[in-house]
Amino acid sequence: MKVLLIEDSEALRRGIRVGLDHLGYTVDETGDGSEGLSMALTNQYDFIILDLMLPNVDGLSLLKSIRKLGNQTKVIILSAKSQAEDRVTGLLAGADDYLCKPFSFDELQARLMTLGRRGGLNQQAKTICIADFVLDTSNKSLYANGHYIDLTKNEFKIVEYLFSNPKQLLNPEQISEAVVGSFNHLSKNTIEAHLSSVRKKAKAVGSTLPIKNKRGFGYFVGEH
């Protein structure tokens with residue numbers, strides 16, 4: 001797999017490159033944002049590892065530029081900015097993941113492996129933002145307050161279906177069909193158990209899941 005590494009710290013760039021070389025990745029590298037933008041647009045990569053604080057063109061502007069031009073290479077942001085709003089800003093700009101400095105190379109390797117399992121090049125991303133939640137349907141990821149929330153397959157599908165239909169009252173039968181299809185069935189109690197689990201995970205990172213239950217009718221997001 002081919003990686004474009006854009007990082008202005010020569011020492012960090014060298015350390016990452018050595019680690020990636022050892023794992024068998026082919027690495028192109030630069031410490032300049034303008035050069036990195038040109039490389040991203042003229043070559044095909046499986047991943048871009050992107051610092052935010054770059055000379056000439058900053059990382060966020062670079063990311064927005066390649067996404068605007070339709071480049072959907074998977075991007076991992078590296079940044080010392082660790083506040084929730086910084087991470088959300090990066091994800092909304094089109095990043096697939098956000099890794100705060102300092103970090104271990106093992107963590108970077110794990111993030112690359114996870115992104116690699118989520119699909120190939122040039123997948124069109126779709127992001128849904130509700131309150132302080134960011135849901136990426138292409139990467140099957142949910143973030144709250146900038147924190148990644150680890151969901152099961154059915155938990156994600158339920159949240160995705162409800163987030164995709166805000167302000168609509170959806171009954172358990174509709175949710176079940178959207179999640180498992182016509183030939184299987186999720187009971188009302190099972191759906192509630194999944195949502196209860198998601199609520200607990202969201203609460204653990206300081207957020208409240210914006211999915212409400214209208215008893216006897218179903219679920220909705222926002223005001224109904």
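Colleague: Let's start with one residue: in which strand does Asp 51 lie?
Modeller: Keep in mind that this is a predicted model. Asp 51 touches Ile 6, Glu 7, Asp 8, Gly 59, Leu 78 and Lys 101, leaving out residues up to four places away in sequence. As for its own place, Asp 51 lies in strand S3.

Colleague: Is Asp 51 buried or exposed?
Modeller: The cut-off for buried is under 20% relative accessible area. Asp 51 has a relative accessible area of 3%, so it counts as buried.

Colleague: What separates the C-alpha atoms of Asp 51 and Gly 31?
Modeller: Along the chain, these two are 20 residues apart. In space, the separation of their C-alpha atoms is 8.9 Å.

Colleague: What is the order of the five strands in the open sheet?
Modeller: The pairing in this sheet is parallel. Its edge strands are S2 (26-30) and S5 (97-100), each pairing on one side only. From one strand to the next, the twist averages 20 degrees. The order reads S2-S1-S3-S4-S5.

Colleague: Which residue is the bridge partner of Ser 79 in S5?
Modeller: Strand S4 covers residues 74-79 and runs parallel to S5, with four bridges joining the two. For Ser 79, the bridge partner in S5 is Cys 100.

Colleague: Which strands does helix H4 touch as it packs on the sheet?
Modeller: Helix H4 takes in residues 84-92. Its direction makes about 145 degrees with that of S5. The strands that H4 touches are S4 and S5.

Colleague: Where does Arg 13 lie, and is it buried or exposed?
Modeller: Arg 13 lies in helix H1. Setting aside neighbours within four places in sequence, its contacts include Leu 5, Glu 29 and Gly 31. Its relative accessible area is 14%, and under 20% is the cut-off, so Arg 13 is buried.

Colleague: Which residue stands opposite Val 134 in S8?
Modeller: Strand S7 (residues 133-136) and S8 run antiparallel, joined by four bridges. They form a hairpin with four residues between them, and Lys 140 in the turn has a positive phi of about 55 degrees. Opposite Val 134 in S8 stands Tyr 143.

Colleague: And which residue in S9 stands opposite Tyr 143?
Modeller: Three bridges join S8 to strand S9 (residues 147-149), and these strands run antiparallel. This hairpin has two residues between its strands, with Asn 145 in the turn at a positive phi of about 55 degrees. The residue opposite Tyr 143 in S9 is Tyr 148.

Colleague: Which residues of strand S8 are buried on the two sides?
Modeller: In a regular strand, side chains alternate between the two faces of the sheet. Strand S8 (residues 141-144) is covered on both faces. On one side the buried residues are Ser 141 and Tyr 143, and on the other they are Leu 142 and Ala 144.

Colleague: Zooming out, how many helices and strands does the protein chain have?
Modeller: The C-alpha trace spans about 60 × 35 × 30 Å along its principal axes. Buried residues make up 44% of the 224 residues. The secondary structure comes to eight helices and eleven strands.

Colleague: How far apart do the centres of the positive and negative side chains lie?
Modeller: The protein chain has 27 positive and 26 negative side chains. The centres of those two sets lie apart by 8 Å.

Methods. Residues numbered from 1 in each chain as written. Predicted model: local features only at pLDDT ≥ 70, side-chain atom pairs only at ≥ 80, totals over all residues. Heavy atoms only, no water. Pairing = 2+ DSSP bridges. Axes fitted to C-alpha atoms, helices over the stretch in contact; angles between N-to-C directions. Contact = heavy atoms within 4.5 Å. Buried < 20%, exposed > 50% of the residue type's maximum accessible area, 1.4 Å probe, protein only. Lys, Arg positive; Asp, Glu negative; His and termini not counted. Charge placed at Lys NZ, Arg CZ, Asp CG, Glu CD.
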